[in-house]
Amino acid sequence: DLSRPTSQPGNLESLLSEFYPRAAAEQGIEGTVWVTAVIGPDGRVSQIRVTEDPGHGFADACRRTLNASRWSPPIDRGGAAVSQRIRFSCTFEMTGF
């Protein structure tokens, strides 16, 4: 029971661009990867499990993006930072290329 769920970092879009698979970008391929993961009390992402992968290196790029990110930690009703399991999509789009 959370008083404040986790929220994604503000720099997530730039991280997605940074880790965009090079071959996919060169071919103009976009993709969305769905994962489940745990956001820890320190805001670090762990236990990343890919549930939908379009291929072209996007799953690895999503893992790298999430591992490089720091989320706001979820807070329980007592005010303590806790872990939270999330379902999340990494969407790689050709904007900015």
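## Briefing: a β-α-α-β-β-α-β-β chain

Going along the sequence, this protein chain runs β-α-α-β-β-α-β-β. That makes three helices and five strands, and the model you're looking at is a predicted one. Below is a quick tour: the chain as a whole, then strands E2, E3 and E5, then two threonines, Thr6 and Thr51.

**The chain as a whole**

- The C-alpha atoms fit in a box of roughly 50 × 25 × 15 Å, taken along the principal axes.
- Of the 97 residues in the chain, 37% are buried.
- Take the contacts with a separation of 6 or more: 73% of them join residues 24 or more positions apart.
- The chain exposes about 5,500 Å², and carbon and sulfur atoms supply 46% of that area.
- On the charge side, there are 10 positive and 11 negative charges, and the mean positions of the two sets sit 7 Å apart.

**Strand E2 and its partners**

- E2 covers residues 31-39 and is mostly covered, with seven of its nine residues buried.
- E2 pairs with E5 in the antiparallel sense, over nine bridges.
- Two pairs of residues help you find the register here: Thr32 stands opposite Thr91 in E5, and Trp34 stands opposite Ser89 in E5.
- E2 also pairs with E3, again in the antiparallel sense, this time over five bridges.
- For the register with E3, look at Ile39, which stands opposite Val45.
- E2 and E3 form a hairpin with five residues between the strands, and Gly43 in that hairpin takes a positive phi near 85°.

**Strand E5, two faces**

- E5 spans residues 84-92, and its side chains alternate along the strand.
- One face carries Gln84, Ile86, Phe88, Cys90 and Phe92, which are buried.
- Arg85, Arg87, Ser89 and Thr91 point to the other face and are not buried.
- So the residues already met opposite E2, Thr91 and Ser89, belong to the face that is not buried.

**Thr6, in a loop**

- Thr6 lies in the loop between strand E1 (2-4) and helix H1 (12-18).
- Is Thr6 buried or exposed? It's buried: its relative accessible area is 13%, and the cut-off for buried is under 20%.
- What does the side chain of Thr6 reach? It reaches the backbone oxygen of Ser72, at 2.6 Å.
- Leaving aside neighbours within four places in sequence, Thr6 is in contact with Ile39, Trp71, Ser72, Pro74, Gln84 and Ile86.
- Two of those contacts, Gln84 and Ile86, are on the buried face of E5, and Ile39 is the residue opposite Val45.

**Thr51, in a strand**

- Thr51 has its place in strand E3, residues 45-52.
- Thr51 counts as partly exposed because its relative accessible area is 34%, which falls between the 20% and 50% cut-offs.
- Which residues does Thr51 contact, leaving aside its neighbours within four places in sequence? They are Trp34, Val35, Thr36 and Arg87.
- Thr51 and Arg87 are 36 residues apart along the chain, and their C-alpha atoms are separated by 9.2 Å.
- Arg87 is one of the E5 residues on the face that is not buried, while Trp34 is the residue standing opposite Ser89.

Notes: Residues are numbered from 1 along each chain as its sequence is written. This is a predicted model: local features need pLDDT of at least 70, side-chain atom pairs count only at pLDDT 80 or more; totals for chains, interfaces and linings use all residues. Side-chain values use heavy atoms; hydrogens and water are left out. Helices (H or I, at least four residues) and strands (E, at least two) are DSSP runs, numbered from the N terminus. Buried means under 20% relative accessible area, exposed over 50%, partly exposed in between (1.4 Å probe, protein chains only). A polar contact is a pair of N or O atoms within 3.5 Å; within protein, one must be able to donate a hydrogen and the other to accept it, and residues adjacent in sequence count only if both atoms are side-chain atoms. Contact means heavy atoms within 4.5 Å. Two strands pair if DSSP finds at least two bridges between them. Accessible areas come from the Shrake-Rupley method with a 1.4 Å probe; for residues, only the protein chains shown count as cover. Lys and Arg count as positive and Asp and Glu as negative; His and the chain ends are not counted. The place of a charge is taken as NZ of Lys, CZ of Arg, CG of Asp or CD of Glu.
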